[in-house]
Amino acid sequence: MKIGILTSGGDCPGLNAVIRGSVLKGIAIHGQEFVGFRDGWRGVVEGDVIDIPRTMVRGIAKQGGTILGTSRTNPFENGGGPEVIKAHMERLGIDAIIAIGGEGTLAAAKRLTDAGLKIVGVPKTVDNDLDATDYTFGFDTAVQIATEAIDRLRTTGESHHRCMIAEVMGRHVGWIALHAGMAAGAHAILIPEQKASIEQITEWVQEAHDRGRAPLVVVAEGFVPEHMESPHSERGLDTFGRPRLGGIADQLAPEIEARTGIETRATILGHIQRGGVPTAYDRVLATRLGMAAIDSVVEGRWGTMVALKGTDISHVGFEEALGKLKTVPQHRYDEASVLFG
């Protein structure tokens, strides 16, 4: 059996560990062959592949990024579609596809599976927003990177007696902000799941300042203040029609400074949260998911993705994975909010 692997959408630490886990198990246990589609769905649509021998995955679990490249290509546009992809698979002798990606990638994989293609999925997102899995690889690394960056912002804020705002990724959920904010001892954590007025935010900032602290605010890119109706987005839409978020920290900083008189600086952490080497946790999780994806292929579990449930790896249908976002529950926010101000 020949299997094609692709990594699609935004990159994140752990992608190479998934590839390694799949290839090593597939070759060692089942004698399978592997090829990689270059640059995600673009390679699938164009039939652009490279061979992945065992030697190619040697030592790559610790590497960030993806050896296959990635893109935000929509496989149903630019001359794509199920018939074109089927023709490429037949020409190249590819029997099945392992698609490693987030919500957009898995949604495309579901549509292609419904059209008759043999695809299994591996969930990938630093945002940890897929409801069918407890955690996704890349999230732990993103939290670690964000926490280290926020720790550094705290020291410069204390030196200058400033309020520091750190904006982190997460799209429409606040998991990175919640975890990094709690780890770094933030005086306010602002997430998409919880509305907060500018008056409440400045109250938390003022309380911290009055105690002699340099206020620290962690905000998720998808946070929506009470006076706004939707997340701040000024960079248009991606190829799947979703708004590109970012910049809410720059909107909050002058408001906080004007209302409190405290010099305020905003820092958008952005893509550094996706880069660099994965943590040990993410390497292990990604490897296990990659190995489990081979089980899905061998057992013919088309239209499913592998998922972490507790400490076990399970298999869930794409429809379950895509049903809703995994948002921060109220009790987790209430737990963190005790530490605000």
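So, how do the residues of the lining of the largest pocket divide into nonpolar, polar and charged? Before I get there: this is a predicted model, where local features need pLDDT of at least 70 and side-chain atom pairs count only at pLDDT 80 or more, while totals for chains, interfaces and linings use all residues. Numbering starts from 1 along each chain as its sequence is written, and side-chain values use heavy atoms, with hydrogens and water left out.

Okay, the split: eight nonpolar, 11 polar and 14 charged. Here Asp, Glu, Lys and Arg count as charged, Ala, Val, Leu, Ile, Met, Phe, Trp, Tyr, Cys and Pro as nonpolar, and the others, Gly among them, as polar.

By pocket I mean an open set of points on a 1 Å grid over the protein atoms alone, where a 1.4 Å probe fits, with protein on both sides within 12 Å along at least five of seven lines; lining residues have an atom within 4 Å of a point. In total 33 residues line this one, and Arg72, Asp127, Arg171, Glu221 and Arg274 lie nearest its centre. Domain 1 (2-137 + 278-323) and domain 2 (139-275) each provide at least three lining residues; those bounds come from an automatic or database domain assignment.

Now over to Gln273. You'll find Gln273 buried, at a relative accessible area of 0%, and buried means under 20% with a 1.4 Å probe, protein chains only. Among the residues Gln273 touches are Pro13, Val126 and Ile176, leaving aside residues up to four places away in sequence; touching means heavy atoms within 4.5 Å. Also, a polar atom of the Gln273 side chain sits 3.1 Å from the backbone nitrogen of Met169.

Conventions:
Buried < 20%, exposed > 50% of the residue type's maximum accessible area, 1.4 Å probe, protein only. Polar contact = N/O pair within 3.5 Å; in protein donor to acceptor, adjacent residues only side chain to side chain.
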